[in-house]
Amino acid sequence: QVQVVESGGGLVQPGGSLRLSCAASGRLFRINAMGWYRQAPGKLRELVAVITSGGSTNYADSVKGRFTISRDNTKNTVYLQMNSLKPEDTAVYYCNVRGSVDVFRDFDSWGQGTQVTVSS
């Protein structure tokens, strides 16, 4: 079993910044990709950013140049630094972790989500 816990959401004014954190724990043989997704009311969940074990990153076009994803492999933790936030960034942000619990079994685990609200 793999547990994924997010933290760092909250209320921020437009133009402000927030930093989200996500820690994975449990039976972790190998972690491959760690990523952030978000879901706004009435919309589908969408990819925000993802980072591989080798450090390669991919971002949604809507956040390029404003958000930065990073990870600390020694702590099994991924971060999302969000700058120049806009009201349209308001959503529940979910952390996703993919890897293996042993040489035979993969996992794909989600956190419970953290609310980010951008409003004046």
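Biologist: A charge sits over a ring if NZ of Lys or CZ of Arg is within 6 Å of the ring centre and within 35 degrees of the ring normal. At what distance from the ring centre does Arg45 lie over the face of Trp110?

Modeller: This is a predicted model, in which local features need pLDDT of at least 70, side-chain atom pairs count only at pLDDT 80 or more, and totals for chains, interfaces and linings use all residues. Residues are numbered from 1 along each chain as its sequence is written, and side-chain values use heavy atoms, with hydrogens and water left out. The charged end of Arg45 sits over the ring of Tyr94, 3.7 Å from its centre. Arg45 also lies over the face of Trp110, where the distance from the ring centre is 4.7 Å.

Biologist: Which elements give two or more residues to the largest nonpolar core?

Modeller: A nonpolar core is a set of buried Ala, Val, Leu, Ile, Met, Phe, Trp, Tyr and Cys residues joined through side-chain atoms within 4.5 Å; buried means under 20% relative accessible area, exposed over 50%, and partly exposed in between (1.4 Å probe, protein chains only). The largest such core has 30 residues, and Trp36, Leu80, Met82, Tyr93 and Val97 have the most contacts inside it. With helices (H or I, at least four residues) and strands (E, at least two) taken as DSSP runs numbered from the N terminus, the elements giving two or more residues to this core are β1 (2-7), β3 (18-26), β4 (30-39), β5 (46-51), β7 (67-72), β8 (77-82), β9 (91-100) and β11 (114-118).

Biologist: Which residue of β8 stands opposite Ser21?

Modeller: Strands pair if DSSP finds at least two bridges between them. β1 and β3 pair in the antiparallel sense over 6 bridges, with Val5 opposite Ala23 in β3. β3 also pairs with β8, antiparallel and over 6 bridges. In that pairing, the residue of β8 opposite Ser21 is Tyr79.

Biologist: How many residues apart in sequence are the parts tied together by Cys22 and Cys95?

Modeller: The structure has 1 disulfide (a pair of cysteine sulfur atoms within 2.5 Å). Cys22 and Cys95 are each buried, at 0% relative accessibility. Their S-S torsion is about -80°, so the disulfide is left-handed. Because Cys22 lies in strand β3 and Cys95 in strand β9, the separation of the parts they tie together is 73 residues.

Biologist: Which residues are joined into one network by salt bridges that share partners?

Modeller: A search finds 7 salt bridges (a side-chain nitrogen of Lys or Arg within 4 Å of a carboxyl oxygen of Asp or Glu). Among them, Asp102 and Arg27 meet at 3.7 Å, N to O; Asp102 lies in the loop between β9 and β10 (106-110) and Arg27 in the loop between β3 and β4, so this pair ties together parts 75 residues apart in sequence. Another joins Arg98 to Asp108 at 3.6 Å, and links strand β9 with strand β10, 10 residues apart. The network formed through shared partners consists of Arg38, Glu46, Arg66 and Asp89.

Biologist: What is the relative accessible area of Ser84?

Modeller: Most residues other than glycine have a negative phi. Asn76, in the loop between β7 and β8, has a positive phi near 50°, and Ser84 likewise has a positive phi, about 50°. Ser84 is found in the loop between β8 and β9. Ser84 is partly exposed, with a relative accessible area of 40%.
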